[in-house]
Amino acid sequence: MFTRRIGITGAFVALVMSPLLLEGATTCKMTNQQGFVEGSCPVKLTSVPSHEPGKSYTECVTVHVWLKADDFCKTPRIEILSPITGTFRPTMKPKMKKEKRNNERKRGVTRVECERGATELLPNSSASLGLWELKLDCIKADAKSVVSVAYNSTSRNCSVSYTVPDPVPDFELSVNGSSKSITVTVEPGDKVYTRWCYRKSSGHCMVGAISPQITIDPSRSRSALLNIPYLLPCVCVQAYYTLVDSCRRKKCPFENQSLADVRDVWASSKVTLFESCFKLQSPCPASDLKISASLCWKQHEHLCIPVLNSTLKEEEGGQDFIYKTAAVDRHPRMCVQFSLQGSHNISCPFLADMSSWEVYMAPGRQSVFLYLTSSVPATFSAQLCVPNERGCTPMGQVHSVIMDGNTTERRINVPLYSVAERPCVQVWQSDPALHGRRILCPDYTHNRCGMYAVAALIFVFFAAFLGIFFHRLTKSGTAGWLCIQKPVLLVCSSEQSAHVSAVCALASILQGELSATVHLALWALSSQTQTGAGTGVADLGPLPWLYGRWEAVRKAQGKVLIVWSPEAKKSYETWREERVNMGKNERDCSKAEVGNHLKLNERKCKKEKTAGDCVKLCDDKDWYTQKEPSTVIAPVFTAALACLEGALQGCKGQGVALVYFQGRCHSRDIPKAFRGVPRYCLPQDLGGLIQELGGMRRQTQTGKFSWQCWPRLMSKVLSVWLARQLAQRLQTLLPQMQGKQMEGPGVTSTPKMMSEKTQSRLRLPAARPGTVQEHEPLHG
């Protein structure tokens, strides 16, 4: 009875409130054919959104009904079925009797009188058709509600429905993994709320306190930045309008993707221990994370040895990971290793008083003793194993003991077969079986003293072997290892005694230590100074000798080394001025130039007894005090400049290099015209110079390299050592050759004498403060 009264009351309230929901006016007048389709239902619904701040989303739905002239005779009725109810009857008849109208009003029928418009004002088509439009304005409907209107007459029955949408904003996401942030960008329009959440199920997204709601006003900025503590697969972003109970659109950028950083899963998870199980709680549901769990024995702080065949089975269903512990050895050092995408996280949830048995180990002679106590009757087993990354690999026989459940201590003797492998002992409860094995490792530190002694002896033996090897290597000399097979032409550029001594020292090292064929004007004074050297400088003259040697070295693909000095810079400038005064822009080593210089220098050399003066350059003890200019160095250097310029103009300067001595000259003293010519600063660039000259390892009689059997590493080490030895020898000679006057002979007269002098000066003087000597390694 009470339910029936409520139904009658609700119907009465709906009947009373129906006109209130229909806010607009109801009109009926003649119209044209716009919007009317012949043969279809004459009802059409249109809507206008209504955005009111602080209220829910609604729409104003308007009902359009088209009627022909003959439809008025068929008693048409328009019924609004939802969200309100009401009946409207259009008519063109004159006023009805009061009694009948009252009866219709009592039945909830609202009469709508249609105007009789002037047919002559309408188009011909409309006048002939006689079309009226009944409009019911603004039926207010909330989001997701259905507006349904039915048309009934004696000839047609039809209905039209319209579902009010619940609008959601459209947005795009941009993820920044390094900063753990997501940028949300919305389309232009109304204000939008956005926030991130953890998706727990398909229809539920959990929002935490650390996820603030951010407002995006597209009129100011269309983007907002969301900072997320953990980038998990279930992280989603919601966006919705600022209306009350607005529908939310959700996007999950990490769904069905592999994790970029698995550490976020471990950092956001928590293990909770219960009486018979433990739970791994994560913001994401268990279905989103493929986590596996297995047991491991914590040996020390940074090592947990996995237990073989101890994977724990997860309970199906639920949002969290649940694992039963009834059949697990719940020792405090028995831990759980969670694995995901190759990453591991170790948790030790068990407490100290949860285990029912204990074991400790004592050393024995070629064995270990295990002492067990148990509060429950069970069988325990022990076996040797070798720990590795995957676990403890079993080895040897399994030893077992039965415990009756009292506090009596039992012992197991486990023999040690191979101490070299340093095995451990794994102990477990075999009946009734429990998951997990305890791994006990004996102390092998007392055996390490002998190993250290053996290692020390091996090290001493190896060091002594290397010392003897390098000592014999140094005694064999550098010539036994490296050699230069192509000829070298050395050209002096200064008459200073220190410069001449350094050039002769360099020539002696190249010829005596590296077996190179060296052409030096100071060594080729006559045909008798060098065996097999051909005609000397005194026989031909400085210029023909230089041109001949230059051409011979070039054909043999050798190298011409012009040793530069500060005096060479002045000589070069004087030579350039003379060429400008002569009015010649291009010169090379032509036959005309050879003839002109030959005649001038031959006359000068004959008058001053060239041969006698030249011999004194590398042999006379009074060379350092002489003040007369040399008749060999200046013309040879001038001719070398002409040949070098001609070679550079003909793009044939690859066989020429400039050399200067550290402390005697600087690279800025070399003219810019020779910028493309390779230059070397000695002694620090001696290794690179040997490579430029084509230094290689000496071959054996069989034609194979003697170092072919040695490792490449040893070859490089010896090459570096050899380059440093040669650099030290040259550096030893340079300081002793400097000064105003020196005791004893300045420069040896022959390559043999210079080699002996070089061998006797092996001590390297102390480097000057603030200087750094660099040596490049030699390459064979």
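Student: Which residue follows H12, and what is the sign of its phi?
Tutor: Cys-651 follows H12, and its phi is positive, near 55°. Helices (H or I, at least four residues) and strands (E, at least two) are DSSP runs, numbered from the N terminus. The model is predicted: local features need pLDDT of at least 70, side-chain atom pairs count only at pLDDT 80 or more, and totals for chains, interfaces and linings use all residues. Residues are numbered from 1 along each chain as its sequence is written, and side-chain values use heavy atoms, with hydrogens and water left out.

Student: How many residues of H12 are buried?
Tutor: In H12, 13 of the 17 residues are buried, where buried means under 20% relative accessible area, exposed over 50% and partly exposed in between (1.4 Å probe, protein chains only).

Student: Turning to Cys-138, what is its phi?
Tutor: Phi of Cys-138 is near 50°, a positive value in a residue other than glycine. Cys-138 lies in strand S7 (residues 132-142).

Student: And is Cys-138 buried or exposed?
Tutor: Cys-138 counts as buried because its relative accessibility is 14%.

Student: What about Asp-245, buried or exposed?
Tutor: Asp-245 is exposed, with a relative accessible area of 71%. Its phi is also positive, near 55°, and Asp-245 is placed in the loop between strand S16 (235-241) and strand S17 (249-251).

Student: New topic: which residues does the cis peptide bond with omega of about -10° join?
Tutor: That cis peptide bond joins Asp-431 and Pro-432. Pro-432 sits in the loop between strand S30 (424-431) and strand S31 (438-440).
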